[in-house]
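Work through the exercises below with the sequence and the 3D view side by side. Try each task before you read its solution.

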Amino acid sequence: MSQKNETTLLVFSLLITLGLLGGIFWFFDIIRFSQNQSGAERISFGETILNTGEVTPDKKAGVQAISERNYTQAIASLETSLKLKRNDPQALIYLNNARIGAAKSYSIVASVPVGNNPNASLEILRGIAQAQKEVNTSGGIKGVPLKVGIANDDNNPEIAQQIAASLVKNPDVLGVVGPYSSDTTLAAGTIYDAGKLVAITPISTSVKISNFSPYIFRTVPSDFIAARSLANYMVKNLQKRQAAVFFNSRSDYSQSLKSEFVSSVLLEGGRVLGEFDVSQGNFSAAKSLQQATGEGAEVLMLATDTESLDKALQVVQLNQKRLNVLGGDDVYSIKTLEVVGEAALGMVVAVPWHILGDRQSDFAQKSRDLWGADVSWRTAMAYDATVALIAALERNPTRSGVQQALTASDFSPTGASGAIRFLPSGDRTGPIQLVKVVRGNRSRTGYDFEPVR
């Protein structure tokens, strides 16, 4: 090759390398920007779009109008957006806020993982949006409408703490719905506790949250209740006594559910023969399943969290219905039905609520009418958390008044899953609904979760 060609090739290679490095640096700059956003920059009452999914032009126009305080235009644009995409809870929340405009209102904020778990965030926001719409269209909280902010905490404990600090400093915020995971709730809970601001999580189930703070509540039953229900079903219904548990040691929720299940199985007269940590670098679904089977396991318990769901589903796929499978509420996912539908048939999962579980509740039909589809337990628990805050605000619209109302012995508003009552521990009194994977068409995957009868 000539010297000229070699020089040209070297220059060309250098340019490619610089381009690649530039792209990499740009990518990490974006990540750093996202991580370095202050808590306040992650909170929106309609001035910015937080979700990264498909956004209609009318929604963009509506958000722009809110930022300019042109509420008439915002209302028109967001109404048009919802006609095109009726199941967008963020658009409905922003529309509800735009209709309030600059008038007096009471404010709460939803702390959700928009950035890294948009689907779960949408499920939660649907419950909050529905409760907000219902109270505002019925005259508000003794004549005062409810305004809702959305905070993107990325399900990151440090970011959730930054958001909590911003909310504590904002005297207009009278309550919080969230955070999402138990780890994040425990981290942010220290800030809410110090700032005496109530947070009601609709999702976090770790037993560590019980008695954690007089300002931290939850509408979802704890892992203690879910584990007892699953262990009882295993021994009494399945007539099985030996189990293997799969869990993620890096998740407080997963550790909590695993420990509670092991204890519950022992109380029922059974044994847990093996505990498999899916977070380990050398974890093998095939080898773990082979070991569990070789040791005599009759049941596989999936106590994994959202982050480790893929590994849990590998176990289900390889099992091919040979052993009975149980699971915690994070296994209740459209992904489970889509990825391992046939192999998951018969799997039983513990959730706090199911749309077919309470035929007497009018929440199910109202939610279908509003969103055009069935909603999940996450939507129902978020609805209940919002209803609880609304009922507390009706008694006393101050931060201390909300906390006192929630702990009152006569506090029992009606939510999607019945009466909402809190124990002194902050836990909710309520049952668990066991559901089973069956063939069906409601989810449009060919498989559905339906209540165990």
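**Exercise 1. A covered strand**

Task: Find out how many residues of strand β7 are buried.

Solution. Step 1: β7 is mostly covered, with six of its six residues buried. Buried means under 20% relative accessible area, exposed over 50%, and partly exposed in between (1.4 Å probe, protein chains only). Strands (E, at least two residues) and helices (H or I, at least four) are DSSP runs, numbered from the N terminus.

Step 2: Recall a rule. In a regular strand the side chains alternate between the two faces of the sheet.

Step 3: Sort the residues by side. Gln242, Ala244 and Phe246 are buried on one side of β7. Ala243, Val245 and Phe247 are buried on the other.

A note on the model. It is predicted: local features need pLDDT of at least 70, side-chain atom pairs count only at pLDDT 80 or more, and totals for chains, interfaces and linings use all residues. Residues are numbered from 1 along each chain as its sequence is written, and side-chain values use heavy atoms, with hydrogens and water left out.

**Exercise 2. The seven-stranded sheet**

Task: State the strand order of the open sheet with seven strands, and name its edges.

Solution. Step 1: The order is β8-β7-β9-β10-β11-β14-β15, with mixed pairing. Two strands pair if DSSP finds at least two bridges between them.

Step 2: β8 (271-277) and β15 are the edge strands, each pairing on one side only. From one strand to the next, the twist averages 25°.

Step 3: Check one end. β7 (residues 242-247) pairs with β8 in the parallel sense over six bridges. Ala244 stands opposite Gly274 in β8. Phe247 faces Asp277 of β8 in the same way.

Step 4: Check the other end. β14 (residues 433-439) and β15 are antiparallel, over five bridges. Lys436 stands opposite Glu450 in β15. Strand β15 (residues 447-451) is largely enclosed by the rest of the structure, because four of its five residues are buried.

Step 5: Add the helices. Helix α8 (residues 223-237) lies across β7, β9 (299-302), β10 (324-327), β11 (348-351) and β14. It runs at about 155° to β11. Helix α11 (residues 309-319) lies across β7, β9 and β10, at about 160° to β9. Axes are lines fitted to C-alpha atoms, for helices over the stretch in contact, and angles run from 0 to 180 degrees between N-to-C directions. Contact means heavy atoms within 4.5 Å.

**Exercise 3. The six-stranded sheet**

Task: Explain why one side of β1 and of β6 has no neighbour in the sheet.

Solution. Step 1: Six strands form an open sheet in the order β1-β3-β2-β4-β5-β6, with mixed pairing.

Step 2: β1 (43-44) and β6 (216-218) stand at the edges with a single partner strand each, so one side of each lacks a neighbour in the sheet.

Step 3: Look at β6 and its partner. Strand β5 (residues 199-201) runs parallel to β6, and three bridges join them. Thr201 stands opposite Arg218 in β6.

Step 4: Place the helices. α5 packs on the sheet, touching β2, β3 (146-152) and β4 (173-177), and its direction makes about 170° with that of β3. Helix α7 (residues 182-195) also packs on the sheet, touching β4, β5 and β6. The direction of α7 makes about 135° with that of β6.

Step 5: Zoom in on one residue. Ser107 lies in strand β2 (residues 106-112). Its relative accessibility is 7%, so Ser107 counts as buried. Leaving out residues up to four places away in sequence, Ser107 touches Phe45, Lys147, Asp172, Val173, Leu174 and Gly175.

**Exercise 4. A helix with a buried face**

Task: Which residues of helix α2 are buried, and which are exposed on the other side?

Solution. Step 1: In α2 (residues 57-67), the buried residues are Lys59, Gly62, Val63, Ala65 and Ile66.

Step 2: Look down the axis of α2. The buried residues fall within an arc of 160°, so they line one face of the helix. The arc is that of the directions from the helix axis to the C-beta atoms.

Step 3: Turn to the other side of α2, where Pro57 and Lys60 are exposed.

Step 4: Find the packing partners. The buried residues of α2 pack against α3 (71-84) and α4 (89-100).
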